[in-house]
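Grab a coffee and have a look at the fold below. Then try the short exercises, each followed by a worked solution.

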Amino acid sequence: MSDPIPLFRCASCGEAGKRVDLSWNDKVVGTFTACQSCIDRTTATLDRVRPIFDAMIAAGVDRDLANEALRAILEDPRFKE
């Protein structure tokens, strides 16, 4: 009998995906399943908003407030590609 190959579905779109570790400060803090297309799209989105976050932090905005502002931006349908 051959070894079964697990099929993971992307949590975002449902297509075939792979398990991806989420790291923070060189520690794995979670694992999720995603396809490469969704990973690429998410990375591009985060690349677009990171300068906004960095500017808020540089201006002295509290990190929690900056996170909340970015969350609101990302949830706004006008921001979607």
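**Exercise 1.** Why is the sulfur of Cys10 not in a bond with the closest cysteine sulfur?

*Solution.* Keep in mind that this is a predicted model.
- Start with the partner: the cysteine sulfur closest to that of Cys10 belongs to Cys38, 3.7 Å away.
- Now bring in the cut-off: a disulfide needs the two sulfur atoms within 2.5 Å. The Cys10 pair is therefore too far apart for a bond.
- Next, try Cys35. Its nearest cysteine sulfur is again that of Cys38, at 3.6 Å, and Cys35 is in no disulfide.
- Finally, zoom out: searching the whole structure turns up 0 disulfides.

**Exercise 2.** Decide whether Cys10 and Cys35 are buried or exposed.

*Solution.*
- The cut-off for buried is under 20% relative accessible area.
- Cys10 comes in at 5%, so call it buried.
- Cys35 has 9%, so that one counts as buried too.
- For context, buried residues make up 19% of the 81 residues in the protein chain.

**Exercise 3.** Work out how the strands are arranged in the sheet.

*Solution.*
- Walk along the sequence first: the pattern reads β-β-β-α-α, giving 3 strands and 2 helices.
- The 3 strands form an open sheet, ordered β1-β2-β3, with antiparallel pairing. At the edges sit β1 (8-9) and β3 (27-34), each paired on one side only.
- Strand β2 (residues 16-24) runs antiparallel to β3, and 7 bridges join them.
- To see this pairing on screen, find Val20, which stands opposite Phe32 in β3.

**Exercise 4.** Compare the radius of gyration of the chain with that of a compact globule.

*Solution.*
- A compact globule of 81 residues would have a value near 12 Å, whereas this chain has 17 Å.
- Then check the C-alpha trace, which spans about 60 × 30 × 15 Å along its principal axes.

Conventions:
Residues are numbered from 1 along each chain as its sequence is written. This is a predicted model: local features need pLDDT of at least 70, side-chain atom pairs count only at pLDDT 80 or more; totals for chains, interfaces and linings use all residues. Side-chain values use heavy atoms; hydrogens and water are left out. Two strands pair if DSSP finds at least two bridges between them. Helices (H or I, at least four residues) and strands (E, at least two) are DSSP runs, numbered from the N terminus. Buried means under 20% relative accessible area, exposed over 50%, partly exposed in between (1.4 Å probe, protein chains only). The radius of gyration is taken over C-alpha atoms; the globule rule is 2.2 Å times the number of residues to the power 0.38.
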